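Let's take a walk through a protein chain together. Keep the picture open while you read.

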Amino acid sequence: MHIPDAVLDPKVAAMTGALAAAGMSAGLRSLEKRLGEQTTVLMGTMSAFVFAAQMVNFPVGPLPISGHLLGACSRP
């Protein structure tokens, strides 16, 4: 996500970062249990898809920003 510096309070950024890390850890453990050896292949394939999908940008109305296919916005 593209957010200018000093928009988020450092406490909020730290808390959401810790929450994201815990969620990612739990999700990866669950995925590993279900898929076993296929986990690495699936993660690599999905990473490539997300990277390619984020290359698609479109203008957001009359504003001087563009949106990514997966939701983030950035200035051109």
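Here is a short tour, beginning with how far to trust the picture.

This is a predicted model, where local features need pLDDT of at least 70, side-chain atom pairs count only at pLDDT 80 or more, and totals for chains, interfaces and linings use all residues. Residues are numbered from 1 along each chain as its sequence is written, and side-chain values use heavy atoms, with hydrogens and water left out. The score pLDDT is the predictor's confidence in each residue, from 0 to 100. Here the chain averages 78, and 79% of the residues score at least 70. Among the elements, helix H1 has the highest mean, 89, while strand S3 (residues 73-74) has the lowest, 50. Where pLDDT is low, don't read the predicted coordinates in detail.

So what counts as an element? Helices (H or I, at least four residues) and strands (E, at least two) are DSSP runs, numbered from the N terminus.

Now look at H1, residues 10-35. Gly36, just after H1, takes a positive phi of about 65°.

Next comes H2, residues 39-53, which packs against H1 at about 125°, with the axes 9 Å apart. Axes are lines fitted to C-alpha atoms, for helices over the stretch in contact, and angles run from 0 to 180 degrees between N-to-C directions.
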